[in-house]
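Trainee: Hey, can you walk me through this one? I'd like to start with a single strand.
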Amino acid sequence: MADLDDIKDGKDFGLDRPADTSSFFLKGSAHLDWGMKNRLSRIFNPKTGRTVMLAFDHGYFQGPTTGLERIDLNITPLTEYADVLMATRGAMRSSISPTTQKPLVLRASGGNSILGDLSEETVAVDIEDGLRMNAVAMAAQVYIGGTYQHQSIKNVLKLIDTGMRYGMPTLAVTGVGKDMARDARYFGLASRIAAEIGAHYVKTYFVEEGFERVTAGCPVPIVIAGGKKLPELDALDMAYRAIDQGASGVDMGRNIFQADDPVAMIQAVSKVVHELEKPEKAFQMYNDLKAGG
């Protein structure tokens, strides 16, 4: 207990300095609770407002795809260079050391495989397990226009509602069916719907034409999916153009862990995202790191 005889009246109340009422640094997040903002500030670097998420959650529907045969061998060396890990609870508990200080965005949707309709998903992780795993956000697919569109929206809504109760942000991931047009109109629609129902940030795909309209029309941050494996320079160029056109980061998997040198690649991607390094210079950095072993 404080010594009651040593109480001193306050003197410096800063009467000449009004309280700071500036908005939170992250788009669309100014009115969230402290705990929610704290988690989001672990995903997005407050100095740049951007993030490099390392995605290795593919196994939940693809199985042991190339580069993810052994998560403990292939992903562990990359984690120190990522801002955030995007993974399933099974992968984290079985293959990633709990001593890591990297924040976790937990894949929470599941119930399908490459052998079925990918849009037929459910919420596969309870919010309590997300809290047990110290996740900073939980993620689910939303398949706008898909066969199971309604169910996928309900999945994201469930995460949002329970997450708001416990201060857990929700990432809505815009899934795309085989027959859907991958253009700005579709991703603008899907991203806006995700934000309107309450998702705190959105993962979507970069498109060559009109991507700036996708980001401008979404009132919360957008991170781009890496998508299929590209040549390293092309992947760096895609990341640069996405950031230049309003994205707040990347959530890359195959373009990092399937690169010729994954450790060099994730460092080059981070240089582009956080320092706006031009793709050609970042590619030179990649080659220098690769040559240096």
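Mentor: Sure, look at β6: both of its faces are covered, with Ala137, Ala139 and Gln141 buried on one side and Met138, Ala140 and Val142 buried on the other. Buried means under 20% relative accessible area, with exposed over 50% and partly exposed in between (1.4 Å probe, protein chains only). Strands are DSSP runs of E with at least two residues, helices are H or I runs of at least four, and both are numbered from the N terminus.

Trainee: Is this model predicted, and how are residues numbered?
Mentor: The model is predicted, so local features need pLDDT of at least 70 and side-chain atom pairs 80 or more, while totals for chains, interfaces and linings use all residues. Residues count from 1 along each chain as its sequence is written, and side-chain values use heavy atoms, leaving out hydrogens and water.

Trainee: How many bridges join β3 to β6?
Mentor: There are 3 bridges between β3 (residues 104–107) and β6 (residues 137–142), which run parallel. Two strands pair if DSSP finds at least two bridges between them. Leu106 stands opposite Met138, and Arg107 has Ala139 as its bridge partner.

Trainee: And which way does β6 pair with β7?
Mentor: Parallel, over 5 bridges. One of the partner pairs is Ala140 with Ala172.

Trainee: New topic: what do the strands close into?
Mentor: A barrel of 8 strands, in the order β1-β2-β3-β6-β7-β8-β9-β10, with parallel pairing.
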